[in-house]
Amino acid sequence: MTNLWLNVLNALGLAWWIEVKTDDCTYFFGPFSDQADAEAAQPGYIEDLEQDGETNIQATLMKCKPSQLTDESPVEEAPQNPALVYIQ
């Protein structure tokens with residue numbers, strides 16, 4: 001039942017995601033059913049990126065529906081993604 005609920009939340013753009021920006025890439029990790037689950041998972045993703053040599057890591061928790069999980073465009077030049085829906 002949990003996976004079904006998470007799939008519904010994600011389809012509606014109501015699931016929580018961790019957006020992690022580095023100098024070279026933007027990553028999305030998720031989906032998570034609630035903010036607490038995303039917060040609990042966030043340090044592990046950041047640690048993995050640090051071990052891979054990434055620097056200037058900035059993480060943000062948000063409700064959204066990313067169209068892709070990795071954008072390798074430099075963060076400064078990353079195009080606006082019209083398929084990415086931010087929920088306030």
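Leucine 14 sits in the loop that runs between helix 1 (2-11) and strand 1 (16-21) of this predicted model. With a relative accessibility of 32%, leucine 14 counts as partly exposed. It also has company: Leu4, Trp5, Val8, Leu12 and Leu14 make up a nonpolar patch on the surface, and together they offer about 490 Å² of accessible area.

Zooming out, the chain contains two helices and five strands. Read from the N terminus, these elements follow the order α-β-β-α-β-β-β. The chain has 88 residues, and 30% of them count as buried.

Next come the aromatic rings. Two aromatic pairs turn up in the count. One of them joins tyrosine 27 and phenylalanine 29, whose ring centres are 6.0 Å apart with 20° between the planes, a stacked arrangement. Both residues are tucked away from the surface by the usual cut-off: tyrosine 27 has a relative accessible area of 16%, so it is buried, since buried means under 20%. Phenylalanine 29, at 19% relative accessibility, counts as buried too. Phenylalanine 29 also pairs with tyrosine 45: here the centres lie 4.1 Å apart and the planes meet at 15°, so this pair is stacked as well. Phenylalanine 29 belongs to strand 2 (residues 26-32) while tyrosine 45 belongs to helix 2, so the pair ties together parts of the chain that are 16 residues apart in sequence. Tyrosine 45 itself is partly exposed, with a relative accessible area of 26%. Put together, the ring pairs link Tyr27, Phe29 and Tyr45 into a cluster.

Strand 2 has another feature to look at. Proline 31 lies in this strand, and the peptide bond joining glycine 30 to proline 31 is cis, with omega at about 0°. That stands out a bit, because most peptide bonds are trans, just as most residues other than glycine have a negative phi.

The second half of that rule has its own exception here. Asparagine 56 is a residue other than glycine, yet its phi is positive, near 50°. This asparagine is found in the loop between helix 2 and strand 3 (58-65). Is asparagine 56 buried or exposed? With a relative accessible area of 54%, asparagine 56 is exposed.

Helix 2 (residues 35-51) also holds glutamate 47. Glutamate 47 is partly exposed, its relative accessible area being 43%. On the surface, Glu47 gathers with Asp48, Glu50 and Asp52 in a patch of negative charge. So the surface carries a patch of each kind: the nonpolar one that includes Leu14, and the negatively charged one that includes Glu47.

Finally, serine 73 brings in the later part of the chain. Its place is the loop between strand 4 (70-71) and strand 5 (85-87). Serine 73 is partly exposed, with a relative accessible area of 24%. What separates the C-alpha atoms of serine 73 and aspartate 24 in space? The two residues are 49 residues apart along the chain, but their C-alpha atoms are separated by 6.6 Å.

Conventions. Residues numbered from 1 in each chain as written. Predicted model: local features only at pLDDT ≥ 70, side-chain atom pairs only at ≥ 80, totals over all residues. Heavy atoms only, no water. Patch = residues over 30% accessible without salt bridge, like charges linked within 9 Å, V, L, I, M, F, W, Y side chains within 5 Å. Areas by Shrake-Rupley, 256 points an atom, 1.4 Å probe, with all protein chains shown as cover. Salt bridge = Lys/Arg side-chain N within 4 Å of Asp/Glu carboxyl O. Charge placed at Lys NZ, Arg CZ, Asp CG, Glu CD. Helix = DSSP H or I, 4+ residues; strand = E, 2+ residues; numbered from the N terminus. Buried < 20%, exposed > 50% of the residue type's maximum accessible area, 1.4 Å probe, protein only. Phe/Tyr/Trp six-rings, centres within 6.5 Å; stacked < 30°, edge-to-face > 60°.
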